[in-house]
There are 2 protein chains.
Amino acid sequence: MSDKKMVDSITARDENFAKWYTDVVLKSQLVAYSGVRGCMYIHPYGTALWENIRAELDARFKATGHENVMLPLFIPESLLQKEKDHVAGFAPEVAWVTHGGDEELTERLCVRPTSETLFCDYYASVIHSWRDLPKLYNQWANVVRWEKTTRPFLRTMEFFWQEGHTMHETASEAWEETERMLNVYADFAEKALAIPVVKGRKTDKEKFAGAVATYTIEALMHDGQALQAGTSHYFGDGFARAFDINFTGRDNSLQYPHQTSWGMSTRIIGGIIMVHGDDNGLVLPPAVAPVQVIVLPIAQHKPGVLEAAALLKERLEKVCRVKLDDSENSAGWKFAEYEMKGVPLRVEYGPRDIENGVCVVVRRDNREKTIVPIAELEERIPELLQAVHNGLYAKALARREEMTYSAATLPELIKTAKTKPGFIKAMWCGDLACELRLKEDAGVTSRCIPFEQERVAETCVCCGKPAKDMLYWGKAY
Amino acid sequence: MSDKKMVDSITARDENFAKWYTDVVLKSQLVAYSGVRGCMYIHPYGTALWENIRAELDARFKATGHENVMLPLFIPESLLQKEKDHVAGFAPEVAWVTHGGDEELTERLCVRPTSETLFCDYYASVIHSWRDLPKLYNQWANVVRWEKTTRPFLRTMEFFWQEGHTMHETASEAWEETERMLNVYADFAEKALAIPVVKGRKTDKEKFAGAVATYTIEALMHDGQALQAGTSHYFGDGFARAFDINFTGRDNSLQYPHQTSWGMSTRIIGGIIMVHGDDNGLVLPPAVAPVQVIVLPIAQHKPGVLEAAALLKERLEKVCRVKLDDSENSAGWKFAEYEMKGVPLRVEYGPRDIENGVCVVVRRDNREKTIVPIAELEERIPELLQAVHNGLYAKALARREEMTYSAATLPELIKTAKTKPGFIKAMWCGDLACELRLKEDAGVTSRCIPFEQERVAETCVCCGKPAKDMLYWGKAY
């Protein structure tokens, strides 16, 4: 694709959200479709975005005492089969390696869809005493799930993620960890990505294969569909028993450790796009944007402009990730290009600005212009980046609240589900039958049992029996 | 494994080098053997070492204008087969995915052993005009090669690496890139890892499958065997033609771009161990050591010692990667433990030191002790780290020179090869037959045709015909 074509117009967001999404992903140069079914070629811009997400998350994991390890890509079939619920959940969607060179393998290897089984095998060899606990490990890895239909970032056959796997001396410590890491994800989503999330617990039907409980953060996309943005699982000692991981406790008795795992993936990039993007393309939250500030010289052929712009950029390098575009492309083309790429701030700097000792700063999120005195540059630009973040968060939160409904009866819920995209808060008795019926009749799934409960009615929205919990229901990616 | 067992003695290096290597790898807590054939469980310490190597290399790639991308794990069989020499070289050692879930695939996918073919498929979609060139991309990835026998880091089925893949407008630019990246590797090996290397070109027999030329850096291990530590390949336009990658040139004619690739892998960790390690375990070069300085409080039960040690550590955090071990283990145990882990500097800090306003710094490489006034801490510790680096490099260089021999005749070469481990410099006529005969009769392979040539004789060491080049010969990992 030559540079000129990149700023072709894209489908309007409210006209066809799915097509808008694909247009943005491709034209902002995040990814290209690959010659490998369901896999992406992730361009430098998309890779840099993921690397920033990774760095931000990794710092949060380190701050909560975790260390990184690297485990194998392959899981021997016998290892995968050790925990029954887990294998039942994952076997239908794994890729199998059956041959090495010309040789048929005596045992098939699956390409990891997740690594609980490998971590258990690893932990069995390193956990012997209560002194060896807790083990707080994470890995950054690629995983593969054999998906029928795929979409860039949202559902791909291979995807990139981090998976934390921890082992604890007691159940309560493991429960604490499960909650701690969900809070880390929520904090990251809100503080780094400007995405408001609902924290809660999955129903048994929706929980992870083999887990006792799955915690989740759920975000609402611009089109009213939900995205599960990160999950944290408590396993009890089920895997530990299946994998013979035990330790000598403080009282010298043999005990099984308690386990958690938690993951966030490249899928979150789909969330960033669908929460913040608009008809001009991507809108990136400053904390993870590969380029936070683009400097565009105006009338750059005039003497002194390029030199002044280069100096401006040099000063900005100390406070943000900044790029200068001094190419021959027109100012109009450049405006459109960096809007498409979602760069949070655009700095325009021409002969008159230079003369007046100012520059013009334009926010990507609302196009607000600010005249910034050059003398205050290093102070004002970080403030404006923070303002973009706050603006994005406030807008996303307002939209979510606007698109969150309550329903007390089944007809009401069905009507809302069919006419108003968004979250629906409704009471539930706890029975799987009701959960299945809502899916059948209203086309919604349970997103989570939020930690912050409200009593929106007294009875189950479906069967009318006494309600146990309030749930968020919705359609999901 | 409980902590106590970690400092069991290891096999002496000169008694059984292979066993010493395995002992060090396991007991320094770099890796554990995994339940997956030929794959490693890389512990936090090994992972941190690789992450430091990655960060150092990545900064060098960025400084030379490269960007990271992420390409798929799988290569469809038809894509792998597009370049004949390449598929012939790699097909015998790839892992094949034949099933997704219960379904047999219509086309097999190989797990990437290297990604030239994927990069070519990618480049075909993004290169159209000379303005799109050069493309200077790199990826950090896991790759799989179906090896018969494996050893931690040195030869594993799955390994981690970076692979740079670049496309250029002209052949001369691509040749320059090939050489530039070899120099980046050599600089990294010498400046960051303290490993002296020989830069040169591989013979046709030893070059990469599908390449026109392969450049290499070759390092000598303590036992006199060579390790190929990084390679950089020039491909000409062979792959570009096979993959239909072309562009409109400055003169409007259709042209094929010229390609390079270059890689360094987790194998280099094996090199670090085998160049610098000793009978007490690992010895890590400071630039990549996960812990550069270990602070050990002496007589830590005495009042004020732990507090003073914590303050010392806090000050050191600003100038190096530092850890404080205030565990209950004995000082003797701690000394052995951090020697085993190869931590470059040990700081001993006890009541008398505190009183005198000094600390005792012990170098891992030569056990030299320095009394450092606390007032000069932030200045002296980085100097001492540099001294460790210099000491390691000088020692490795001296050993390599001591173990580098010349041979003018075949009997001389055979005798040297059988009695003196190391590099042998000898002249070569350029014929494959002579290269094969040296392998057969002397058990050595050509390591490289060094860029720095010497005329050690006038005729080929094997056939006696006029010599073309001086080569390094040796046994290799």
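These legends go with close-up views of a predicted model.

**Figure 1. The contact between chain A and chain B.** Chain B brings 49 residues to the contact, and chain A brings 48. On the side of chain B that touches chain A, the elements giving two or more residues are β2 (40-42), α2 (44-63), β3 (67-68), β4 (74-76), β5 (95-100), α5 (116-126), β7 (135-144) and β8 (158-168) of chain B. The largest share of that side, six residues, is from β5(B). Sorted by character, the residues on this side of chain B come out as 27 nonpolar, 14 polar and eight charged.

**Figure 2. Strand β5 of chain A against β5(B).** Here β5 (residues 95-100) of chain A and β5(B) run antiparallel, joined by five bridges. If you want a pair to look for, A:H99 stands opposite B:W96.

**Figure 3. The rotation axis that relates the two copies.** Turn chain B by 180° with 0.0 Å of shift along the axis and it superposes on chain A, with an RMSD of 0.0 Å. That's the relation of a two-fold axis. Within chain B, the residue that comes closest to this axis is B:V97, with its C-alpha at 2.1 Å. Both copies use the same surface: 98% of the contact residues of chain B recur in chain A.

**Figure 4. Helix α13 of chain A and its two faces.** In α13 (residues 410-419) of chain A, the buried residues to pick out are A:L413, A:T416 and A:A417. They sit on the same side of α13(A) because they cover an arc of only 100° around the axis. Covering these buried residues are elements of chain A including β20 (404-406), β21 (423-428) and α14 (432-442). On the face turned away from the buried side you'll find A:P411, A:K418 and A:T419, which are exposed.

**Figure 5. A cis peptide bond in each chain.** In chain A, the bond joining A:L133 and A:P134 is cis, with omega about -5°. A:P134 has its place in the loop between α5 (116-126) and β7 (135-144) of chain A. Over in chain B, the peptide bond from B:L133 to B:P134 is cis too, with omega near -5°, and B:P134 lies in the loop between α5 and β7 of chain B.

**Figure 6. Positive phi at A:A299 and A:R367.** A:A299 isn't a glycine, yet its phi is positive, about 50°. Look for A:A299 in the loop between β15 (293-297) and α9 (305-316) of chain A. A:A299 counts as exposed because it has 11 C-beta neighbours inside 10 Å. A:R367, another residue other than glycine, has a positive phi near 60°. Its loop runs between β18 (358-363) and β19 (369-373) of chain A. With 10 other C-beta atoms within 10 Å, A:R367 is exposed.

Definitions and conventions. Residues are numbered from 1 along each chain as its sequence is written. Chains are lettered from A and ligands numbered from 1 in the order in which they are written. This is a predicted model: local features need pLDDT of at least 70, side-chain atom pairs count only at pLDDT 80 or more; totals for chains, interfaces and linings use all residues. Two residues are in contact if their C-beta atoms, placed from the backbone, lie within 7 Å. Helices (H or I, at least four residues) and strands (E, at least two) are DSSP runs, numbered from the N terminus. Ala, Val, Leu, Ile, Met, Phe, Trp, Tyr, Cys and Pro count as nonpolar, Asp, Glu, Lys and Arg as charged, and the others, Gly among them, as polar. Two strands pair if DSSP finds at least two bridges between them. Copies are superposed by least squares on the C-alpha atoms of residues with pLDDT of at least 70 in both. A residue is buried if 20 or more other C-beta atoms lie within 10 Å of its own, exposed if 12 or fewer, and partly exposed in between; C-beta atoms are placed from the backbone. The arc is that of the directions from the helix axis to the C-beta atoms.
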